[in-house]
Amino acid sequence: IYFPCSFVPVVGQQGSSVPPSYCGQGTVMFVDDEVSIINWAKDMLEELGYVVVVFTNGPEALQAFQQEPDRFDVLVTDQTMPGMTGDLLARQIMSIRPGFPVILCSGFSYTMNEEKALVMGLRAYLTKPVLMSDMAQALQAALDRSFPHKTS
């Protein structure tokens, strides 16, 4: 796996290495079947200021959401996972909380693309490898639409 590298030195919150404009708040449910991606995403999202709850499969994430649907502010999920695809997980979660913000990530999928994701009502479709800036912008946009009372 190759991750993009950035050589731009910037300082965000509390000595963080991210620009302050990337930072946000809220609880992110992050689902991916690859542990290395889970670890990277958790570190990145926490550095951006989010509380992150990670899951390595869709059924486990769905169960947690069913038990505490108000605990989470946004779902970020991989599309291609064994047991339950990201779009199926998104549909299930949005049936519990209509309008719930979902960001779908995919390296490649025969069954899903950006157009289909947006028609489903998902907030964003990101292509892997995902850049921190793209994830930060997608999260901010998804959460801003979820909480219209927020001001930027």
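A salt bridge here is a side-chain nitrogen of Lys or Arg within 4 Å of a carboxyl oxygen of Asp or Glu. Aspartate 87 forms one with arginine 91, with 3.7 Å between the closest N and O atoms. Before we go further, please keep in mind that this is a predicted model, in which local features need pLDDT of at least 70 and side-chain atom pairs count only at pLDDT 80 or more, while totals for chains, interfaces and linings use all residues. Residues are numbered from 1 along each chain as its sequence is written, and side-chain values use heavy atoms, with hydrogens and water left out.

Let us start with the overall layout. The protein chain has 5 helices and 5 strands, taken as DSSP runs numbered from the N terminus (helices are H or I, at least four residues; strands are E, at least two). Reading from the N terminus, the order is β-α-β-α-β-α-β-α-β-α. Of the 152 residues, 44% count as buried; buried means under 20% relative accessible area, exposed over 50%, and partly exposed in between, with a 1.4 Å probe and protein chains only. Contacts, defined by heavy atoms within 4.5 Å, often span the sequence: among those between residues at least 6 apart, 63% join residues at least 24 apart.

Now back to the charged pairs. How many salt bridges are there? The count comes to 5. In the pair we opened with, aspartate 87 and arginine 91 are separated by about one helical turn because they sit 4 residues apart in helix α3 (residues 86–96). Aspartate 87 is buried at 12% relative accessible area, whereas arginine 91 is partly exposed at 43%.

A similar spacing appears in helix α1, where lysine 42 and glutamate 46 lie 4 residues apart, about one turn of the helix. Their side chains meet in a salt bridge of 2.5 Å, N to O. Lysine 42 is partly exposed, with a relative accessible area of 27%, and glutamate 46 is partly exposed too, at 37%.

Another pair reaches across the chain. The side chains of lysine 128 and aspartate 32 form a salt bridge at 2.8 Å, N to O. This one links distant parts of the chain, 96 residues apart: lysine 128 belongs to the loop between β5 (124–127) and α5 (132–146), and aspartate 32 to the loop between β1 (27–31) and α1 (35–47). Lysine 128 is partly exposed at 22% relative accessibility, while aspartate 32 is buried at 1%. The two also take part in a network of salt bridges that links Asp32, Asp78 and Lys128.

While you are looking at lysine 128, follow the backbone onward. A cis peptide bond joins lysine 128 and proline 129, with omega about -5°. Proline 129 is likewise placed in the loop between β5 and α5.

Two threonines give a good view of the strands. Threonine 27 lies in strand β1 and is buried, at 14% relative accessibility. Where does threonine 27 find its contacts, leaving aside neighbours within four places in sequence? Its partners are Val51, Val53, Arg71, Phe72, Asp73 and Val74. With aspartate 73, the C-alpha to C-alpha distance is 5.2 Å, although the two are 46 residues apart in sequence.

Threonine 77 is found in strand β3 (residues 74–78), and it is buried with a relative accessible area of 1%. Not counting residues up to four places away in sequence, threonine 77 touches Val31, Gly86, Leu89, Val102, Ile103, Leu104 and Cys105.

Leu89 leads us to the next stop, a pairing of helices. The axes of helix α2 (residues 58–67) and α3 come within 10 Å and cross at roughly 5°; such axes are lines fitted to C-alpha atoms, for helices over the stretch in contact, and angles run from 0 to 180 degrees between N-to-C directions. That makes α2 roughly parallel to α3, a label for angles under 35 degrees, with over 145 counting as roughly antiparallel, 65 to 115 as roughly perpendicular and the rest as oblique. On the α2 side, the contact is made by Gly58, Ala61, Leu62, Phe65 and Gln66, and on the α3 side by Leu89, Gln92, Ile93 and Ile96.

Finally, a look at the cysteines. Cysteine 23 is buried at 14% relative accessible area, and cysteine 105 is buried at 4%. A search of the whole structure finds 0 disulfides, a disulfide being a pair of cysteine sulfur atoms within 2.5 Å.
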